[in-house]
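Open the model in your viewer and keep the selection tool at hand. We will go from one stop to the next.

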Amino acid sequence: MKIGILGGGQLGRMLIQSALKYDDEFYTLDPASDAPCHNISYFTQGNFNDYETVLNFGKDKDVVTIEIEHVNADALAELEKQGIKVVPNANIIKTIQQKILQKEFYKAHDIPSPEFQVVWNSDEKIIMPLPFVQKMNTGGYDGKGVQVIKTEEDYQHLWTEASVIESLVDIEKELSVIVARNEKGETNIFPVTEMVADPKLNLLDFNVCPVLLTEDVQNQIDSITEKFLAAVNSPGLFAIELFLDKEGKVWVNETAPRLHNSGHQSQEGNTNSQFEQMYRVVKNLPLADTDAITYSGMLNLVGAEGYEGKVIYEGMEDVLQLPETYIHLYGKTETKPGRKMGHINVLADSREELMEKLVQVKGMVRVIAG
């Protein structure tokens, strides 16, 4: 099959790397000439937000998918009309890429998500009590387009763009669950992972699996995934980001209609990875089993503060000497502060051992420039 991917970043790269054992042709579209997929696929440099560019890219493909949601969904809808398979479908991409539509989707399908108010411009009065979270309607990712408004003084920092104003959850844990559905309607769910964020960068720092959850919390998550899969009406792989609050209630933060940073540890920690699963979804094959093999975790390799330019990975040789430690680099030649350049997966026999190893590895490696 000719499989087209909108976006040529690391998620597409790892999907292609995983699928090279099969017999398909991969085509990618990205605005950056040196995108991570440029040298492992039939690469087209172009804007995946441009209607005509996406239409022309997809018209001769058997299936088109995404590795970033900020794409031209109208062009994908037109491709569907022309008989091109789009996974996930254009409608759910359009719903999820707009925070307002995404929140209304949860409300319509009785999926628990924090209380919210829609604000279309700066003239509208905010009735949500402080503190609250402001999420830009479009364009946000990796902590961008999201801010917490805590005090009256913070009102001066409010964005004027259309936004969701959301009540602030008193978070005990941030969790993620990756769900998959193929065209036949078969579904499969990865074990829940816990996301530990870097408070400064607002980026995922560690990802840990499996998570020790009470029966009640697991039942809440199962109910959320069941409702989501019933409502989504599309094949696809979806990462549902969750908040567990201090009262034991689970809330949906947001959903990504694609491969996700919170599933990277599945490459070595699960019987099959999220990338294998995504490939099977795109091809409408039987879904893969996803059981956790052991305790697994991931840490992001991000550009260090104060360094910009040609990347140097300091400490990699030391990391390579560690057992059950796996490096994944993204093929990005230029680093800058906070940029995701790769990740490292770690396996262990217990959560305690896993956290010790993750902290150890984080202290051994730095992403700098030379």
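## Stop 1: the largest cavity

The largest cavity has a volume of about 60 Å³. Keep in mind that this is a predicted model. The count comes to 2 cavities of 30 Å³ or more.

Select the lining of the largest cavity: Ser176, Val177, Ile178, Phe190, Pro191, Thr193, Ser262, Gly263, Gln265 and Ser266. Now colour by class. You should see 4 nonpolar and 6 polar residues, with no charged ones. Which strand gives the largest share of this lining? Strand β10, residues 171–181, gives 3 residues.

## Stop 2: the second largest cavity

Move on to the second largest cavity, with about 40 Å³ of space. Its lining is Lys99, Gln102, Lys103, Lys135, Val164, Asn253 and Glu254. Colour by class again. Here there are 4 charged residues, 2 polar and 1 nonpolar.

Two elements supply at least two lining residues each: α5 (99–108) and β15 (250–256). Helix α5 gives the most, with 3 residues.

## Stop 3: strand β15 and its hairpin

Stay with β15 and select the whole strand. Is β15 mostly covered or mostly open? It is mostly covered, with 6 of its 7 residues buried.

Add strand β14, residues 236–245. The pair runs antiparallel, over 6 bridges. To see one bridge, pick Ala239 and its partner in β15, Ala256. Then follow the chain through the turn. β14 and β15 form a hairpin, with 4 residues between them. Click Gly248 in that turn: its phi is positive, about 90°.

## Stop 4: the nonpolar cores

Next, show side chains for the largest nonpolar core, which has 25 residues. Which members touch the most others? They are Leu15, Phe26 and Leu259. The elements giving two or more residues to this core are β1 (2–6), α1 (10–19), β10, β14 and α8 (274–283). Two of these were on earlier stops: β10 in the lining of the largest cavity, and β14 in the hairpin.

Centre on Leu259. Leaving out residues up to four places away in sequence, Leu259 touches Leu11, Leu15, Leu237, Gln274, Phe275 and Met278.

Finally, look for the other core, which lies apart from the largest one and has 24 residues. Select Val192, Val211, Leu213 and Ile240, which are among its members.

Conventions
Residues are numbered from 1 along each chain as its sequence is written. This is a predicted model: local features need pLDDT of at least 70, side-chain atom pairs count only at pLDDT 80 or more; totals for chains, interfaces and linings use all residues. Side-chain values use heavy atoms; hydrogens and water are left out. On a 1 Å grid over the protein atoms alone, a cavity is a set of points where a 1.4 Å probe fits but cannot get out, and a pocket is an open set with protein on both sides within 12 Å along at least five of seven lines; lining residues have an atom within 4 Å of a point. Grid points are joined across faces, edges and corners, and a volume is the space filled by probe spheres set on the points. Ala, Val, Leu, Ile, Met, Phe, Trp, Tyr, Cys and Pro count as nonpolar, Asp, Glu, Lys and Arg as charged, and the others, Gly among them, as polar. Buried means under 20% relative accessible area, exposed over 50%, partly exposed in between (1.4 Å probe, protein chains only). Two strands pair if DSSP finds at least two bridges between them. A nonpolar core is a set of buried Ala, Val, Leu, Ile, Met, Phe, Trp, Tyr and Cys residues joined through side-chain atoms within 4.5 Å. Contact means heavy atoms within 4.5 Å.
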